Amino acid sequence: MTNREQLYKEELNSYYLNRNLWSGVLFGMGLIAFFDEAVFHQLLHWHHFYDRSTPGIGLVADGLFHAFSWFATVWSLFILAELRSKKVFWSKRWWAGVLVGVGAFQLYDGVIQHKIMRIHQIRYGVDILPYDLAWNISAGIILAIGLYLTARTKKGWEEMRGIAANEG
Amino acid sequence: MKVSHWGHGGFTFTELIIQLVALLGIGLYVGAAVISSRHGRFRPWPRHRYICWILGMVCVTITIIGPIAHRAHSDFTFHMIGHLLLGMLAPLLLVFSAPITLLLRTVRVNTARRISRLLKMSYFRWITDPVAASLLNVGGLWLLYTTDLYQMMHHHLFLHILVHVHVFLAGYVFTASMIYIDPTPHRTSFVYRSTVYVLALAAHEILSKYIYAHPPNGVPSLQAEMGGMWMYYGGDLIDVMIIVVMFYQWYQSRRSLIRSRAKGQLVREG
């Protein structure tokens with residue numbers, strides 16, 4: 001039996017299967033929030049720290065989301081440490097979670113924060129439509145790949161569990 | 001007396017007193033740690049705790065006297081840097097240095113019992129609840145920067161001292177309500193603490209953007225922008241340290257839980 005089959009069979013129950021995914025999702029959200037701040041705010045100066053025209057609800061939602069994603073990054077890495085110490089870390093499942101986290105965050109940022117709450121725009125002083133399209137379509141593609149990998153790892157896991165159960 | 005009269009030329013009498021108090025604080029801590037370490041009953045006091053205490057005292061001192069403190073009276077950016085040191089970094093360092101643990105193991109047993117009875121009082125349960133501590137800490141900051149309190153503080157010495165003492169104490173109680181280094185009789189669950197923590201952090205971030213756009217009375221807008229950004233990013237930096245410690249403690253408690261479960265199983269199976 002290969003290592004991976006053993007992993008499916010013995011240690012990796014459904015609880016840890018989901019924890020692998022959630023650790024990835026939280027890490028993806030934290031990662032992309034950090035990337036957004038570093039690249040668009042600080043390097044390119046496309047976004048503003050705060051553009052003064054944001055409605056109150058946007059400011060509150062932004063603050064909550066920032067606080068949560070900051071918290072989630074650390075959280076996800078401690079879950080990862082726990083998974084590794086129990087030898088139930090499955091990197092493919094974890095990366096599926098990262099892509100779901102990144103895609104979902106970008107889509108939320110692009111649709112709800114930029115367009116509905118109007119917290120800020122991607123860039124100022126240019127025709128915004130191509131930027132919005134590029135942003136949201138790329139977010140959708142990342143999310144779709146993440147969801148596909150999530151489904152595939154789940155299926156692979158179920159098959160392996162089935163084989164293991166029959167053998168047992 | 002106007003507060004801005006402080007700190008012109010050499011050391012004033014006030015500055016000298018503050019330096020002596022800080023040195024006394026460091027001396028008392030180091031003395032207590034060295035003496036209690038000589039007792040056979042206790043393990044030697046860890047070296048990192050000495051360092052944390054000394055750095056914490058230095059952080060407090062440089063927000064009261066010296067160049068940062070001096071410029072803080074006229075420049076909001078420096079005021080904010082001072083507040084990051086006094087209300088966030090110094091409390092974190094001092095919580096790490098476990099002063100209550102040191103106190104309890106240095107004094108006589110009867111006195112230690114009396115102190116721990118005191119700490120078990122319902123007042124401390126109330127004040128070290130994460131919600132109350134967050135309201136005192138971040139709520140106090142909202143009050144300071146969105147009302148005239150900030151401007152008034154610079155004209156009344158008593159108010160100035162009161163605000164700074166509050167900022168420090170509230171920061172300490174807030175940090176101690178989230179991470180448990182010293183003996184904490186009234187503990188709350190990890191989920192409760194982390195939920196309150198995220199909300200408090202969000203309130204802090206919202207306030208810093210609010211300050212960026214709406215300068216407190218008497219603050220030029222450029223200084224408010226710089227101060228707001230210091231508060232946002234500087235706050236993030238110190239907050240992430242608290243988050244790491246919170247999760248480290250969570251991780252350790254889970255590991256020991258699993259270990260004790262595994263042991264229980266062995267006993268049963270054996």
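A crossing of two helices is left-handed if the near helix is turned anticlockwise from the far one by less than a right angle, and right-handed if clockwise. With that convention, H1(B) passes H5(B) in a left-handed crossing, while H4(B) passes H10(B) in a right-handed one. Both crossings belong to a predicted model, in which chain A has five helices and zero strands and chain B has 12 helices and zero strands.

**The two chains**

- Chain A, read from its N terminus, runs α-α-α-α-α, and its C-alpha trace spans about 65 × 30 × 25 Å along the principal axes.
- Buried residues make up 33% of the 168 residues in chain A, and among its contacts between residues at least 6 apart in sequence, 88% join residues at least 24 apart.
- Chain B, read in the same direction, runs α-α-α-α-α-α-α-α-α-α-α-α, and along the principal axes its C-alpha trace spans about 75 × 40 × 30 Å.
- Of the 270 residues of chain B, 34% count as buried, and of the contacts in this chain between residues at least 6 apart in sequence, 74% join residues at least 24 apart.

**Where chain B touches chain A**

- The contact between the chains brings together 19 residues of chain B and 17 residues of chain A.
- On the side of chain B that touches chain A, the elements that give two or more residues are helix H11 (190–213) and helix H12 (221–269) of chain B, and the largest share, 10 residues, comes from H12(B).
- Sorted by class, that side of chain B has 13 nonpolar, one polar and five charged residues.

**Helices H1 and H5 of chain B**

- Helix H1 (residues 13–38) of chain B packs against helix H5 (residues 99–106) of chain B at an angle of about 55°, and their axes are 9 Å apart; that angle makes H1(B) oblique to H5(B).
- From H1(B), the residues Tyr29(B), Ala32(B), Ala33(B), Ile35(B) and Ser36(B) meet Pro99(B), Leu102(B), Arg105(B) and Thr106(B) in H5(B), and by class this contact has six nonpolar, two polar and one charged residues.

**Helices H4 and H10 of chain B**

- The axes of helix H4 (residues 76–96) of chain B and helix H10 (residues 157–178) of chain B come within 8 Å and cross at roughly 40°, which makes H4(B) oblique to H10(B).
- On the H4(B) side, the residues in this contact are His83(B), Leu86(B), Gly87(B), Met88(B), Ala90(B), Pro91(B), Leu92(B), Leu94(B) and Val95(B).
- On the H10(B) side, they meet His164(B), Val167(B), Phe168(B), Gly171(B), Tyr172(B), Thr175(B) and Ala176(B), and the contact as a whole has 11 nonpolar, five polar and no charged residues.

**Trp230 in helix H12 of chain B**

- Trp230(B) lies in helix H12 of chain B, and Trp230(B) counts as buried because it has 20 C-beta neighbours inside 10 Å.
- Not counting residues up to four places away in sequence, Trp230(B) touches Thr77(B), Met80(B), Ile81(B) and Leu84(B).
- One of these partners, Leu84(B), is 146 residues away from Trp230(B) in sequence, yet the two are 8.4 Å apart in space, C-alpha to C-alpha.

**Helix H3 of chain A and two residues with positive phi**

- Helix H3 (residues 56–85) of chain A has 30 residues, which at 1.5 Å a residue should span 44 Å, and its end C-alpha atoms are 44 Å apart, in agreement with that expectation.
- Most residues other than glycine have a negative phi.
- Against that background, Lys87(A), just after H3(A), takes a positive phi of about 60°; Lys87(A) lies in the loop between H3 and helix H4 (91–116) of chain A, and with 13 other C-beta atoms within 10 Å it is partly exposed.
- Ala98(B) likewise has a positive phi, of about 50°, although it is not a glycine.
- The setting of Ala98(B) is the loop between H4 and H5 of chain B, and Ala98(B) counts as buried, with 20 C-beta neighbours inside 10 Å.

Definitions and conventions: Residues are numbered from 1 along each chain as its sequence is written. Chains are lettered from A and ligands numbered from 1 in the order in which they are written. This is a predicted model: local features need pLDDT of at least 70, side-chain atom pairs count only at pLDDT 80 or more; totals for chains, interfaces and linings use all residues. Two residues are in contact if their C-beta atoms, placed from the backbone, lie within 7 Å. Helices (H or I, at least four residues) and strands (E, at least two) are DSSP runs, numbered from the N terminus. Ala, Val, Leu, Ile, Met, Phe, Trp, Tyr, Cys and Pro count as nonpolar, Asp, Glu, Lys and Arg as charged, and the others, Gly among them, as polar. Axes are lines fitted to C-alpha atoms, for helices over the stretch in contact, and angles run from 0 to 180 degrees between N-to-C directions. Angles under 35 degrees count as roughly parallel, over 145 as roughly antiparallel, 65 to 115 as roughly perpendicular and the rest as oblique. A residue is buried if 20 or more other C-beta atoms lie within 10 Å of its own, exposed if 12 or fewer, and partly exposed in between; C-beta atoms are placed from the backbone. The expected span of a helix is 1.5 Å times one less than its number of residues.
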